[in-house]
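Work through the exercises below with the model open. Each task is followed by its solution in steps.

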Amino acid sequence: MPLVSVIMPSFNHSKYIEEAIGSVLNQSMDDLELIIIDDASHDNSRNIITRLSKKDKRIKKKFNQKNMGIASVLNQAISYSKGKYIAFIASDDLWTTSKLERQLEVLNNNNDLILWCEGKIIDSGGEEQTKDFTEYYEVPKKSGSIFEELIKGNYIFGSSIVLKTENLRELMLDENLKYLNDHKLYLDLAYKYKYYFIPDPLAKYRIHGKNTTFRNISEWNKDAMVLSEYLLTHYGADLSLKTKKNIFYLACRNPIHHCLNMDQGNKMYLVFYSIVLPLWYFFIVTKSFIRD
């Protein structure tokens, strides 16, 4: 049984995936399995995965016949994992060779922590940029109880996370959310467990123009509404007024901001986000207060 199950979802990253796989297999600790699920890529990803899996038996591969979405892929991989710990890496990101070893040193002292670390920003060619991940995304609180701060927006570097498998299987990812399934998972984890941030850049986050963030603003904002209502109804009795204010930020301020910056030509969206969303938010808050 491997100590760490590394999960790599794959979709149309044939340009980067071989390097990503290599960065996992070349870790200074080799007690791992690498679970790769390709979500019906239509580039050369499948051939690359097949070729590399013949060279290293630590690679466990699965090819979806149709595209199921990232949440479904990750849930599949989690269900297959056999390790005591689970780590994630995107098929276009990279790890430094000591990444897992450094993080496991911390988990050995407290294995209920959610471990993550700093990341170097790289471009499509692998060139490092001037800002690190937490500078680029202006990350607030990195360690400890971060639930309240994390509500405003997801600032966790997903390819840097390591945690106990048992703790993850209690939650899994919400397959009804297309863009914010990881944000919801990180919040559920933050409600139950403390995060621990290693300030050294042990991983690399690639920005290449085809990252999925904000590709569809309308769908992203629908996810924000669903996530906001979930937080208010699921955790409402325990949420402070400040936390509910942060949920307002997630549900209403973020969509308006995205509309102004990404969707300037669609005034109907702007009217909807500016008027309907705040009314909807206060209705949900009122419901949660009544129930509390």
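**Exercise 1. The buried side of a helix**

Task: find which residues of H1 are buried, and what covers them.

Solution. Ile17, Ala20, Ile21, Ser23, Val24 and Leu25 are the buried residues in H1. Buried means under 20% relative accessible area, exposed means over 50%, and partly exposed lies in between (1.4 Å probe, protein chains only). Helices (H or I, at least four residues) and strands (E, at least two) are DSSP runs, numbered from the N terminus. The cover over these buried residues includes S1, strand S2 (32-38), helix H2 (45-55), strand S3 (59-63) and strand S5 (94-95). A contact here means heavy atoms within 4.5 Å. An α-helix has 3.6 residues a turn, so residues three or four places apart point the same way.

Two notes on the input. This is a predicted model, with residues numbered from 1 along each chain as its sequence is written. Local features need pLDDT of at least 70, side-chain atom pairs count only at pLDDT 80 or more, totals for chains, interfaces and linings use all residues, and side-chain values use heavy atoms, with hydrogens and water left out.

**Exercise 2. The whole chain**

Task: state how many helices and strands the protein has, and what share of its residues is buried.

Solution. Count the elements: eleven helices and nine strands. Then take burial: 52% of the 292 residues are buried. Next, look at contacts between residues at least 6 apart in sequence: 79% of them join residues at least 24 apart. Last, the surface: about 14000 Å² is accessible, and carbon and sulfur atoms hold 52% of that. Areas come from the Shrake-Rupley method with a 1.4 Å probe; for residues, only the protein chains shown count as cover.

**Exercise 3. A strand with two partners**

Task: which strands pair with S4, and in what sense?

Solution. Start with S1 (residues 4-10): S1 and S4 are parallel and share four bridges. Two strands pair if DSSP finds at least two bridges between them. Within this pair, isoleucine 86 of S4 sits opposite serine 5. Now take S8 (residues 162-164): S8 runs antiparallel to S4, with three bridges. Here tyrosine 85 has lysine 164 as its bridge partner.

Then check the faces of S4 (residues 85-88). Tyr85 and Ala87 point one way, Ile86 and Phe88 the other, and all are buried. In a regular strand the side chains alternate between the two faces of the sheet.

**Exercise 4. Salt bridges across the sequence**

Task: for three salt bridges, locate the partners and state whether each is buried or partly exposed.

Solution. Set the rule: a side-chain nitrogen of Lys or Arg within 4 Å of a carboxyl oxygen of Asp or Glu. The count is twelve.

- Glutamate 19 and arginine 206 pair, with closest N and O atoms 3.3 Å apart. Glutamate 19 is in helix H1 (residues 17-25) and arginine 206 in strand S9 (residues 195-206), 187 residues apart. Glutamate 19 is partly exposed at 46%, whereas arginine 206 is buried at 1%.
- Aspartate 200 and arginine 102 pair at 2.6 Å between the closest N and O atoms. The first lies in S9 and the second in helix H4 (residues 99-107), so the bridge ties parts 98 residues apart in sequence. Aspartate 200 is partly exposed at 32%. Arginine 102 is partly exposed at 29%.
- Aspartate 112 and lysine 164 meet at 3.0 Å, N to O. Aspartate 112 is in the loop between H4 and strand S6 (114-122), and lysine 164 is in S8, so parts 52 residues apart are tied together. Aspartate 112 is partly exposed at 32%; lysine 164 is buried at 14%.

**Exercise 5. A buried charge**

Task: which side chain of opposite charge is nearest to glutamate 118, and how far away is it?

Solution. Find glutamate 118 in strand S6. Lysine 142 is the nearest, 6.3 Å away; glutamate 118 is buried and has no salt bridge. Lys and Arg count as positive, Asp and Glu as negative; His and the chain ends are not counted. Now look for polar partners: a polar atom of the glutamate 118 side chain lies 3.1 Å from the backbone nitrogen of phenylalanine 133. A polar contact is a pair of N or O atoms within 3.5 Å; within protein, one must be able to donate a hydrogen and the other to accept it, and residues adjacent in sequence count only if both atoms are side-chain atoms. Finally, list neighbours: glutamate 118 touches residues including Asp132, Phe157, Phe197 and Leu202.
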